[in-house]
Amino acid sequence: MTIPSCQLYLISPLDVGGDFPERLQQALEAGPVAAFQFRVKDVDHGEAEGLAEPLKEICDAHDVAFIVNDDVDLAKRLAADGVHLGQGDGDLKDARAELGDQMQIGITCHDSRHLAMEAGEGGANYVAFGAFFPTTTKETHHRPEVDILKWWSTIMEIPCVAIGGITPDNCQPLVDAGADFLAVSGSVWNDPQGPAHAVKRFNEILAD
């Protein structure tokens, strides 16, 4: 199978209990997904680890990278494929020293070319720009122009992730501008026809 130039990067809802493992399984079976980010808030380490382990097993079975949001220690304990750090979530240099060279580290850069250059030069494996569109998944204060993706892909080889309110109906300009990954959450998990339907719709666009 040819890997499309832009790939899907799923981000979990905050509630990953109940039937969520089955819904993740459905999503990953529906088409190519490059990565899944485990993102929960206000739960202790033990509970987070318990919630994450079955999801990581599903990702491993589908050869999907398992990324932990904001928590270097949890990423290390789970032997995750990577960790994603926001601007207030610790130092990239410290995270790299803790996790070693094999683990992927992604950095949120909002709408800042300066932060992206710092992350790239500091050894990040990818940078994330957003929110490109209105989103209810998390509170956002930054709205980059699509041109930032084109700028980044022209000058740097490190992949860039577009995030924020992305749907199958609005993603084409981001793909055209050079996004390597589309980070999506609500548009997949809240799809009225189910997550598999959303993943298929995205991949139809990405395959063109």
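**Exercise 1. Where is R96 placed, and what surrounds it?**

Which helix holds R96?

Solution.
- R96 sits in helix α4, residues 92–99. Helices (H or I, at least four residues) and strands (E, at least two) are DSSP runs, numbered from the N terminus.
- The model is predicted: local features need pLDDT of at least 70, side-chain atom pairs count only at pLDDT 80 or more, and totals for chains, interfaces and linings use all residues. Residues are numbered from 1 along each chain as its sequence is written, and side-chain values use heavy atoms, with hydrogens and water left out.
- Check burial and charge. R96 is buried but has no salt bridge. Buried means under 20% relative accessible area, exposed over 50%, partly exposed in between (1.4 Å probe, protein chains only). A salt bridge needs a side-chain nitrogen of Lys or Arg within 4 Å of a carboxyl oxygen of Asp or Glu.
- D101 is the nearest side chain of opposite charge, 4.6 Å away. Lys and Arg count as positive, Asp and Glu as negative; His and the chain ends are not counted.
- Look for a polar partner. The side chains of R96 and N125 make a polar contact at 2.8 Å. Such a contact is a pair of N or O atoms within 3.5 Å; within protein, one must be able to donate a hydrogen and the other to accept it, and residues adjacent in sequence count only if both atoms are side-chain atoms.

**Exercise 2. Find the buried side of α4.**

Solution.
- List the buried residues: L92, A95, R96 and L99.
- They cover an arc of only 100° around the axis, so they lie on the same side of α4. The arc is that of the directions from the helix axis to the C-beta atoms.
- Turn to the face away from the buried side. K93, D94 and A97 are exposed there.
- Identify the cover. It includes α3 (72–78), β4 (82–85), β5 (104–110) and α5 (113–121). Contact means heavy atoms within 4.5 Å.
- Inspect the ends. D91 caps the N-terminal end, with a side-chain oxygen 3.0 Å from the backbone nitrogen of K93. G100 follows α4 and has a positive phi, near 85°.

**Exercise 3. Classify the pair Y9 and Y126.**

Solution.
- The whole structure has 7 aromatic pairs. Rings of Phe, Tyr and Trp (its six-membered ring) pair if their centres lie within 6.5 Å; planes under 30 degrees apart count as stacked, over 60 as edge-to-face and the rest as tilted.
- Y9 and Y126 are 5.8 Å apart centre to centre, with 75° between the planes: edge-to-face.
- Locate the partners. Y9 is in strand β1 (residues 7–11) and Y126 in strand β6 (residues 126–130), 117 residues apart.
- Check accessibility. Y9 is buried at 4%, and Y126 is buried at 7%.
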